[in-house]
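User: I would like to learn how to read a structure feature by feature. Could you take me through one?

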Amino acid sequence: MRLLLPHYASKGKQKRRRPLATMHPACVQGLLLFLSLTLGRTGGLRAAQGPNARPLDLAYTVRVDRPTTHLVDIEIVAHQVEQGNLQFVMPAWAPGRYAIYDFAKNVQEFSAAGADRHPLPWSKLDKQTWRVDAGQAGGTVRAHYRVYANDLTGSFSQVDGVHANLNGASVFMYVDGHKPDPITLSIEAPAEWKVISGFSAFTAERTFRTRNYDLLVDTPLEISGDCSVDQFQEEGKTIEVAVHTYNDDDSDHARLLAGLKKLVHVEMAAMPPPDFPYYLFIFHFVPDIPMGDGMEHLNSTQIIIQGSVREATQEALETAAHEFFHLWNVKRLRPVALGPFDYTRENYSRSLWFAEGITTYYSYLFLLRCGLWTREQFLGRLASEIQTLEREPGEKLMSAESSSFSAWFFDRSPQMQETNFANTTISYYNKGALLGMLLDLEIRSRTEGHKSLLDVMRLMYHEFYQGPGTSYYGPGRGYEEKDVLEALNSATGSDFTPFFDRYVSGTDALPIQEALATEGLQLRTEAPPGAGPDLGVVVQPESRGIRITSIFPGGAADRAGLSRDDLLIDVDDQSLVTQDLWTRLKPYPVGANVPITVERHGRRERITVTLDPPIPNLYSIIPSPLATPEQVALREAWLAAH
Ligand SMILES: [Zn+2]
Ligand SMILES: [Zn+2]
């Protein structure tokens, strides 16, 4: 996924479709079954199936009758039921977002019936499990429930007057013990609405078949009359681009399409051909949402952008670069915890820095290599990532692995209580992207330009995804934390253990300058021109003063005993209502002792602070005057357009 806010900022805080040119009606069945063809090599294994291993014949129906109620009806019919009861389970989370969302909270009006449609008794076992007594079912259990859906994100769903945008884990229960069983899905929606999904390139198609539950929930559905669809071909694959924009004058998608063609071309040239016949981008461009989102899926992605196509094409392409690379890194080459999934609880991984951070690094590199970014934009973004990490107090406390493991606390998890995350955490996107850059440069340097991090990615893809399968889920197996290190060592013929100990498992400062020097580059940090002395706080203006929302550990405010939530009233008797804090502090020299009036719990006191030098927070990556010809050659190979 791709977050468009700081990682700890969850508190308070989106024509007619043409059929495939080579397709004719006789081929439709083959297309609908493509997932089972591509993921069916391991179908004989039924891990975690439990004692009731005989597969059920499962039919799911999605019914959108009155979309303005934001309610969608779900019916699950299980035939060939032999067991005494069936447990229907709503996922607690959705793969790709490492947060417990408890989707069961939006389920209402659950009921169950048997073959003769007489009601069957049922009870709730826990927050997300409904157990239906199948003793009198006559071999068929029909479960029905409704889901309230009014949240356009990559995890929840939205049903309203213009569309039903459904993310499977937020609407579909599974039958406990039967996740591996094949499923038929039927859509009942307004006749003029198209059904757009990774299941089928035919928007008139309303019945699909998937190999198992995991593939059902890995295929978001956009059911709408307002969505345009275009397509293009790349390496024999059909790439579809669905755009739902809420801006009436926003019909020019040419720039978006042209950018996507460049991105898809350069990413597919870099990695092995994916095992699908087509891939679907679902874009929403919405003016009135609080934040955007991006979520990867097996052969599709949901990208939700705040604003219009016209305003936000660049942001949409940046997210697309990230999500498309996920089809290799995390959807197929995946940590062992991420497929098959336990939907009832957290699935921990220490490798999200690799799954997300490396994906972020490559999204930047591919934006450069396909010509959508200049070198200055690319190096500027890396410099910005470096600045972000170096300004995180948590850099010294939390490793990349630990950040990955702790994702469940801050990957858009709701936090009703106050936390100190601003001072104790780092983002595995941010540090992972920088680890990607460091590893890429280190490999290029150690192998004198013969290898790059992409060689490691391709090696791991071959070994883990294209290797023998170990579960019903699909081809290949997940990698363990140690496998990334072993693949690096194997692909490069050198030992990356010390690197991992210090920078992946450990919290040593990243060797940015050393790595950039191998390419004849250097990091420059400087204070902005005219910057005043620093207090080491993050603040928010209020009517009576300025509220401290965060204190930088070891900074001037921290040393003086100022505290989060303090209300700053004045600086040396100069009011902070009529002028902001930085303007008030600017006349003072570095090292000056300045009295500040502070209000805490209604009481005022004066606290004297000793001001620090301006923060050097302008970061740039520039050519080094000391670069050797060999270093310049490495740099050119790294940055060259392909
Ligand atoms: Zn991602
Ligand atoms: Zn839509």
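Analyst: What follows goes through confidence, the metal site, strands, helices and cores, in that order.

User: What is the mean pLDDT of the protein, and what share of its residues reach 70 or more?

Analyst: This is a predicted model, so confidence comes first under the general rule that where pLDDT is low, the predicted coordinates should not be read in detail. Here the mean pLDDT is 91, and 92% of the residues reach 70 or more. The stretch to set aside is residues 8-52, with pLDDT below 50. That stretch still has 101 contacts in the model beyond near neighbours in sequence.

User: Next, the metal. Which protein atoms are the donors of the zinc ion (ligand 2)?

Analyst: A donor here is an N, O or S atom within 2.8 Å of the metal, and sites may look incomplete because water is not among the atoms. For the zinc ion (ligand 2), the protein donors are H163 (ND1), H244 (ND1), H284 (NE2) and two entries for E222 (OE), at 2.0 to 2.8 Å. Along the chain these donors follow the spacing H-x58-E-x21-H-x39-H. H163 in strand β9 (residues 163-166) and H284 in strand β17 (residues 278-286) are 121 residues apart, so the pair links distant parts of the chain. Both H163 and H284 are buried.

User: How should I read strand β2 (residues 71-79): how many of its residues are buried?

Analyst: Start with burial, then look at the partners. Eight of the nine residues of β2 are buried, so the strand is largely enclosed by the rest of the structure. Strand β1 (residues 57-63) runs antiparallel to β2 and is joined to it by seven bridges; R63 has D73 of β2 as its bridge partner. β2 is also joined to strand β7 (residues 141-148), again antiparallel, by eight bridges, and E75 stands opposite H144 in β7.

User: Which side chains of strand β11 (residues 183-188) are buried, and which are not?

Analyst: Follow the side chains along the strand and note the face to which each points. In β11 they alternate: I183, L185 and I187 point to one face and are buried, while T184, S186 and E188 point to the other and are not. The pairing can then be added. β1 and β11 pair in the parallel sense over six bridges, with T184 of β11 as the bridge partner of A59. Strand β13 (residues 207-210) is antiparallel to β11, joined by four bridges, and S186 has T207 of β13 as its partner.

User: Which strands stand at the edges of the open sheet of four strands?

Analyst: Write down the strand order, then look at its two ends. The order is β5-β6-β3-β10, with antiparallel pairing. β5 (122-126) and β10 (174-175) stand at the edges, each with a single partner strand, so one side of each is left without a neighbour in the sheet. For β5, the partner is strand β6 (residues 129-133), paired in the antiparallel sense over four bridges. W122 stands opposite V132 in β6.

User: Now a helix. Where do the buried residues of helix α14 (residues 497-504) lie around its axis?

Analyst: List the buried residues and see what arc they cover. In α14 they are F499, F500, Y503 and V504. They cover an arc of only 100 degrees around the axis, so they are on the same side of α14. Their cover includes α6 (352-369), α8 (400-405), α11 (428-446) and α13 (481-492).

User: How do I read single residues such as E318 and L389: buried or exposed?

Analyst: Take the accessible area, then the contacts beyond the local sequence. E318 is in helix α5 (residues 309-325) and is buried, with a relative accessible area of 11%. Leaving out residues up to four places away in sequence, E318 touches R2, L367, W373 and R381. L389 lies in helix α7 (residues 375-390) and counts as buried at 2% relative accessibility. With neighbours within four places left aside, the contacts of L389 are E395, I426, N430, K431, L434 and L510.

User: Last, which residues of the largest nonpolar core touch the most other members?

Analyst: Look for the residues with the most partners, then for the element that contributes most. In this core of 160 residues, they are F88, F172, F281, F283, W353 and W638. The largest share, twelve residues, comes from α6. A second, separate core has 20 residues, including I546, I551, L576 and L585.

Note on methods: Residues are numbered from 1 along each chain as its sequence is written. Chains are lettered from A and ligands numbered from 1 in the order in which they are written. This is a predicted model: local features need pLDDT of at least 70, side-chain atom pairs count only at pLDDT 80 or more; totals for chains, interfaces and linings use all residues. Side-chain values use heavy atoms; hydrogens and water are left out. Helices (H or I, at least four residues) and strands (E, at least two) are DSSP runs, numbered from the N terminus. Buried means under 20% relative accessible area, exposed over 50%, partly exposed in between (1.4 Å probe, protein chains only). Contact means heavy atoms within 4.5 Å. The arc is that of the directions from the helix axis to the C-beta atoms. Donors are N, O and S atoms within 2.8 Å of the metal (3.2 Å for Na, K and Ca); water is not among the atoms, so sites may look incomplete. Two strands pair if DSSP finds at least two bridges between them. A nonpolar core is a set of buried Ala, Val, Leu, Ile, Met, Phe, Trp, Tyr and Cys residues joined through side-chain atoms within 4.5 Å. pLDDT is the predictor's confidence in each residue, from 0 to 100.
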